[in-house]
Structure formats: C-alpha cells, structure tokens
Amino acid sequence: MTQIRLRNSLTRKVEDFRPIDADNVRMYLCGPTVYDRAHLGNARPVVVFDVLYRLLRHVYGPEHVTYVRNFTDVDDKINATALARKEAGAEGSLEELIRARTEETIGWYHADMDALGALRPDQEPRATDYIGAMIAMIETLIEDGHAYAAEGHVLFRVRSYKDYGALSGRTVDDMMAGARVEVAPFKEDPMDFVLWKPSDEGLPGWESPWGRGRPGWHIECSAMSYELLGASFDIHGGGIDLQFPHHENEIAQSCCAHPEGSFANYWLHNEMLQVEGKKMSKSLGNFFTVRDLLDGHDGEKGIPGEVIRFVFLQTHYTKPMDWTAEKARQAERTLRRIAEFLAADPLTKPWIGRRYAKPPQEFIDALSNDLNTSLALSLVRKYLKERDEFKLIGALRLLGFDDQALVQKFSQFQFAASSNEFSSGFRMSTRGDEASENPNRMTELYNRFSEMRKEAMETKDFAPVDAMKQALVAAGVEVRMSKDGVELLPGPDFDPAKLEGL
Ligand SMILES: Nc1ncnc2c1ncn2[C@@H]1O[C@H](COP(=O)(O)OP(=O)(O)OP(=O)(O)O)[C@@H](O)[C@H]1O
Ligand SMILES: [Zn+2]
C-alpha cells in the first residue's frame, strides 16, 4: 500500500501517516462561520483538504474515509447581519432572520465550493445541532477541575493543562506576552478562555446549568469532532491562522475532557492566500469573494472553477501564495491544451469507465509526499506532452478535475446540451474527421446499451442486452458491466465498420 507522508504541525516534521484504523480513516476540518460569502482565502483550505481527502480515498478506499467539516452557525457576526436586516425592515423574528441567513450562506458555500471541484465532506455538522454535546463536555471539564463558572460564563483553566502551547511550540507565558488577551474581572488568569457565555436577551441562547447562553467557538469543534469521530482520530486541519488560539484551545478542551483519547494525531495547516504580503481577510477588507471571481465582477470576465483550483495547486499548501491574473491566464492555457487533446481523442468519452484511467504510481507518490501538488501538475503536463491519455485522465481525476467537464468547458468543440441526437447531450460538432465520428457513434451505442440494460433489470429479459453485447465484442469492444453501470472499452482490434448494423 502507498505510504502517505504528511507534515505534522505537532512535531514540525514530515512523518509517515499511520491511521488508527485503516478501515476508517478520520479527518476533521474547521469549517466556515456562515455569515457571508466565502472569500478566495477561505477556499484554499477547502481545495487543499479536498486533495488530501481524494488521496486518502484512493489509498484506503472511498468507503474507508470519514471527512467531517463543520458549519459555525452561532456567532456575533451572524447575529449582526440578521439584526441589520431587521432594522432595514425585514419581516420575521430575529431568530427566523438568523436561520434564513445561515441557510442562505450555507447554500452559497456549497455552490461556490462545488464549482471548485471540492467533494462534499461525509458529514457537515452545524454547531447549533450539537449544543447538548457542548454542554456535556463543559460539565465534564468543570467536574475535573479544568474549567470554572463565573458570572454566567464558563472559562477553561489554561494552566490546568500542562501541555498547553505544544502545537504552537510556545509556553503559556510566551503566548501571553504575544497575544492580546482579554482581561475580564471574572477570569482567574488572563489566558483562560471562554467555553460558555451569557446571551443577550433577544439573541440566540440555550438553557444551561450556567443560565441562558451560548457556546464559545473553540468548544464547538471539540464537541462535534468527538461526537462524529471519537476521542482519537487521525487528521485535524485548518488554516495556519487557526493554530493559535483556536487549535491550541481545541486540544486543551478535548484532551482534558477525554484523557482516554489522543484527540488528533496529525495536525495539518495550510498557509495563507495573501494580497500584497498580507493575509486576505474580511477584517482587513482586502478580499474578493469566490463568487465574484467565478461570475466576473467590475468588468472582469468570470474565471472557471477549474482554473482557480489549478492555480491553488501550483503552490504547496505550506507556502503563502498570491492570486494573480497572470497565474490564472497560464492555468487556463494549460487546461485548454489538455481539453483540446482530450477532445480530439476518441478515448475520453462517457463510455470509458473510470477504472481504466489509473493515475500512475509516480503521480500517487508525488501527492503522497506531503501533497506535492506542484510536482503532480508537472507530471500532468508531462503526460500531456507524451500524449498518454490514460495516465493524463487518471492523474486529472485524482486531482479533482473532471475530464469530461474540461472538454466541455475548455475545448473548441461544441457540446449541445439540447441535442436530441444523443440522449446524454454529448455531441461534437466541429470536426468531421473519423476521430470525431467514432466517438459520436460510441456515445450513442453507450447510451442505447445503458438504457437497454436498465430496462432488462426491470423486465428480467436480458436477451436484447446479450445480443448487443455480443455484437460489440465482435467489433472489438470490451464490455464490462457492474452495479455502477456499463463500461465500453474499444480494444486494439476495434473495427468501427462492424458497428454499422447496430
Ligand atoms: N487568507 C486566507 N488564506 C487561506 N486560508 C484562510 C484565509 N483566511 C481564512 N482562511 C481559512 O478559512 C477557513 C474559514 O475561516 P473563517 O470562516 O473563520 O474565516 P472568516 O472569518 O471568513 O475569515 P477572515 O479570516 O477573513 O475573517 C479557516 O480554515 C481559515 O483558516
Ligand atoms: Zn475548529
């Protein structure tokens, strides 16, 4: 089995990745606070951890990986956007407006990240669905002396956890000198952080042993990861901006509440997307949204999600990067060249099953070496140069690029979605040479054969399917049928003339 190696922020070394249970590899990523559209920086961790997710699925099998990414749907910023709407005359209670805002933002988030080719995680828990689990965890922490209640708040007693600071490699005293910590009169120590706080009247709140209130941000991830992945899991990810204090606090809470577990064994942090040397962030105002980039804004034309993904993957996730129009142009040129090549070749059509296009081992090795995506992309260019379609498609798919979508979006061939000539709507219209004639024919046969098979499953009359299969085989086409569907692979003896009568 391929050995994946990852840079673990805990040890600051690239280590062999050894899952706790190879039958269920578990990964948690801190997700967005859903108050507004995601900016391009927010998309970087999504793409980085999507590549890791795909690699883990490739190595351990898709059904042996669990990827959880949360939505933080309780937050001052969400309340503020809902309040602003209410003040502007929006109808409904504040609670309804808050709910509407988080729903709407989650919808945007899904649409934007889908456009970047990111798979949806296996679970996307919302913090507000796990308040009970958070309260239970806080109670345990209080019982064991790691937390205390004061004036409607509950605080984590940082000095009760001797390993606090291990992830950032700093002591509590160093951190105190560097961080702007809030000194509240009810805190025993300025470093102590909030687990629970009172809610103002009219704002979202939950009954708890400490009065009506709501959780602090850090406890959300500790509680949700425990509920969905257990006291010990494999990988915890997020942007480097979250390492301190958010991740340091998650570790303290989880390890103190569940000393039987190790929490996360590997911590991965992506570096920041920057604008002129500064982190792109809402608070600095130096941001643009993923949606603006996709759709085009201020007179600029839109940029396809594949281009954005390609640009991200050019830079290793541990390095800061800038977004530039020149990088986007170059990525687009490469994707066009790939698409033209794929479009001109009859192999890249829906009737080619995924199983035939396998990423070469050298390509898997590149990704397995701490996600060396820039090396992986140079291998993609190499396969293109060598005109090795199988390697190229295998590599593209593992990186999260859909070859058919690339052909449709980036090649000059036109695919008429409305075409009634072929039910899939997959049609080439510009080149009349043989190479494009046969794929049309194959697509048609593929659609017809799939239809026939579907029908046969219902009627239990498999005779027509068998007859067509025989004819295809006689024309040199290998036919594979599985529960996922049908695959047609023209072999070296493929003779399109023999398909004439079909
Ligand atoms: N410029 C950036 N580059 C890469 N990742 C980023 C950047 N900004 C935020 N992230 C990551 O985006 C994810 C979602 O973060 P979150 O929702 O807390 O951000 P936000 O409040 O929208 O961003 P901001 O930091 O701009 O206030 C986190 O994993 C965070 O590390
Ligand atoms: Zn988190």
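**Zinc site and ring pairs**

Author: H246 and E250 sit 4 residues apart in helix α7 (residues 243–257), so about one helical turn separates them; helices here are DSSP runs (H or I, at least four residues), numbered from the N terminus, and strands are E runs of at least two. This is a predicted model, in which local features need pLDDT of at least 70 and side-chain atom pairs count only at pLDDT 80 or more, while totals for chains, interfaces and linings use all residues. Residues are numbered from 1 along each chain as its sequence is written, chains are lettered from A and ligands numbered from 1 in the order written, and side-chain values use heavy atoms, without hydrogens and water.

Reader: What makes C30, C221, H246 and E250 donors of the zinc ion (ligand 2)?

Author: Donors are N, O and S atoms within 2.8 Å of the metal (3.2 Å for Na, K and Ca). Their atoms SG, SG, NE2 and OE lie 2.0 to 2.3 Å from the zinc ion (ligand 2), so they qualify.

Reader: Why is the site of the zinc ion (ligand 2) called irregular?

Author: Four donors are tetrahedral if all angles lie between 85 and 135 degrees, and square planar if opposite donors are over 155 degrees apart and all others between 65 and 115; anything else is irregular. Here the angles run from 78 to 130°, so neither name fits.

Reader: Why is F17 called buried?

Author: Buried means under 20% relative accessible area, exposed over 50%, and partly exposed in between (1.4 Å probe, protein chains only). F17 has 1%, so it is buried.

Terms used. Four donors count as tetrahedral if all angles lie between 85 and 135 degrees; four count as square planar and six as octahedral if opposite donors are over 155 degrees apart and all others between 65 and 115; anything else is irregular.
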